[in-house]
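User: Hi! I've just opened this one and could use a friendly tour. Where should we begin?

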Amino acid sequence: MVPDPGTSFDPRPAVVLLHAGIADSRMWEVQRRALEGRYAVLAPDLRGFGGRAHEPGPFRHADDVLALLDAHGIGRAALVGASFGGRVALETASVAPDRVSALVLLCAAGPGVAPTPDAESFDEEEERLLGAGDLDGAVELNVRTWLGPSADESARALVREMQARAFELDTAAEELSPAVELRRPELDLAALTMPALVVSGDHDLLFFRETARHLAEHLPAAELVSLDWAGHLPSLERPDETAALVTAQLDRVLLDGQTTTR
C-alpha cells in the first residue's frame, strides 16, 4: 500500500541516496548536506553494509527501500544510486515504478552488458585474495580499482574502512541460518519512464562505462553525462562537484514542476 501523501510531515520532495557496494551511507556525507536544505533526504545503510548487518533468509534490497519509504510516510522519492546502489535503484523502480519520481545513476551497475576483461580480472583477483584469507589485500585492491585520480587520501581511507566493514559483515553472515539469500527482481529498462540522469566516469572500468551507455540508450527518459575526471566513485573523488551535479538534476526534475514526489 502506498502511503497517503497527505500523512507526510515533511512537505519537501524526498530523495534516497543508495550507496555503492564497496561503501556505506558515509559515502554521501557531502551530497546529503547539499541536498538537505530543499529535500527530505534519506541515506540508509543497505543490508550487509555499515551499521546494518545481514539477516537470515531470502530478501530483496528493493523491498527494503520500499519499507524505508513506508516507515517515513513517503509516497514517492527520487533515487540516487552509486554502482551497486544504482542497481538497487533500478530494481526498486522496476518493482514499484509509481513510488519512484526520478533516477540519478552514478557509475551504476545494471543489466545487459557482458563482463569486460578488466571486470573479469578484478573479480578473479578479489576472489583469489579472499580465498587466501588476505582481507587487507582485497581491501587495497578495491581502493586501487574504484577510486579515480582525483580522490585524496581521506577518500581512500574512508573507502578502506567501509570495504573492510562490508567484508566483516559478509564473514559474520556465513553463520546465519537460514542462509542469506539475495533475490533480484527482473528489470525492464524500457518500462522505467521516470526522468533519469546516467553518469559515467572516464577513468572507470570499461564494464561500467559500457553499462552507462546501455542504460542511457534503453531508459526512455535518460540523459548521459560523462565526467572526464571521474573514476567509479565521483561522490568521493570530487564531492562538491558531484553534489552540484546531483542537486542541479533534482532541482530540474523535481522543483521545476515536471514531477512531484509526495
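Analyst: Happy to help! One term to start with: a residue is called buried when its relative accessible area is under 20%, and exposed when the figure is over 50%. Keep in mind too that this is a predicted model.

User: Got it. Which residues of α6 are buried, then?

Analyst: In helix α6, the buried residues are A155, R156, V159, M162, Q163, A166, F167, L169 and A173. They sit on the same side of α6, because they cover an arc of only 160 degrees around the axis.

User: Why would a helix line residues up like that?

Analyst: An α-helix has 3.6 residues a turn, so residues three or four places apart point the same way.

User: And what covers the buried residues of α6?

Analyst: The cover includes α4 (117-131), α5 and α8 (234-237). On the face turned away from the buried side, α6 carries the exposed residues E153 and S154.

User: How many residues does α6 have, and how far does it reach?

Analyst: Helix α6 runs over residues 153-173, which is 21 residues. From its first C-alpha to its last it reaches 30 Å, close to the 30 Å expected at 1.5 Å a residue.

User: Let's switch to strands. What about β1, is it buried or exposed?

Analyst: Strand β1 (residues 14-18) has 5 of its 5 residues buried, so it is largely enclosed by the rest of the structure. Both of its faces are covered, with A14, V16 and L18 on one side and V15 and L17 on the other.

User: Which strands does β1 pair with?

Analyst: One is β2 (residues 40-42), paired in the parallel sense over 3 bridges. There, A14 stands opposite A40. Another is β4, which runs parallel to β1 and is joined to it by 4 bridges. In β4, V15 has A78 as its bridge partner, and V16 has L79.

User: What makes a β-α-β unit with β1 and β2?

Analyst: That would be helix α1 (residues 29-35), and the unit is right-handed.

User: OK, on to β4. How many of its residues are buried?

Analyst: For β4, 6 of 6 residues are buried, so to speak of it as mostly covered is fair by definition. A77, L79 and G81 point one way from the strand, while A78, V80 and A82 point the other way.

User: Where does the chain go after β4?

Analyst: It crosses through helix α3 (residues 84-95) to β5, in a β-α-β crossover that is right-handed. Strands β4 (residues 77-82) and β5 run parallel and are joined by 6 bridges. In β5, the bridge partner of A77 is V100, and that of L79 is L103.

User: And what surrounds β5, roughly?

Analyst: Strand β5 (residues 100-106) has 7 of its 7 residues buried, so the rest of the structure largely encloses it. It also pairs with β7 (residues 196-201) in the parallel sense over 4 bridges. In β7, L197 is the bridge partner of V104.

User: Back to helices for a second. Which residues of α2 are buried?

Analyst: In helix α2 (residues 61-71), they are H61, A62, D64, V65, L66 and L69. Among the elements covering them are β1, β3 (58-59), β4, α3 and β6 (181-182). After α2 comes G73, whose phi is positive, near 65 degrees.

User: Last topic: the nonpolar core. Which residues touch the most other members?

Analyst: In the largest nonpolar core, which has 46 residues, those are V15, M27, V80, L233 and L250. The largest share of this core, 5 residues, comes from helix α5 (residues 135-146). There is also a second, separate core of 32 residues, including L69, I74, F84 and M194.

User: What does M27 touch?

Analyst: Leaving aside residues up to four places away in sequence, M27 touches H19, A20, A82, M162, L233, S235 and L236. Of these, M162 is one of the buried residues of α6, and A82 is a buried residue of β4.

User: Great, that ties back to where we started. Thanks!

Notes:
Residues are numbered from 1 along each chain as its sequence is written. This is a predicted model: local features need pLDDT of at least 70, side-chain atom pairs count only at pLDDT 80 or more; totals for chains, interfaces and linings use all residues. Side-chain values use heavy atoms; hydrogens and water are left out. A nonpolar core is a set of buried Ala, Val, Leu, Ile, Met, Phe, Trp, Tyr and Cys residues joined through side-chain atoms within 4.5 Å. Buried means under 20% relative accessible area, exposed over 50%, partly exposed in between (1.4 Å probe, protein chains only). Helices (H or I, at least four residues) and strands (E, at least two) are DSSP runs, numbered from the N terminus. Contact means heavy atoms within 4.5 Å. The expected span of a helix is 1.5 Å times one less than its number of residues. The arc is that of the directions from the helix axis to the C-beta atoms. Two strands pair if DSSP finds at least two bridges between them. A crossover is right-handed if, with the strands pointing away from the viewer, the path from the first strand over the helix to the second runs clockwise.
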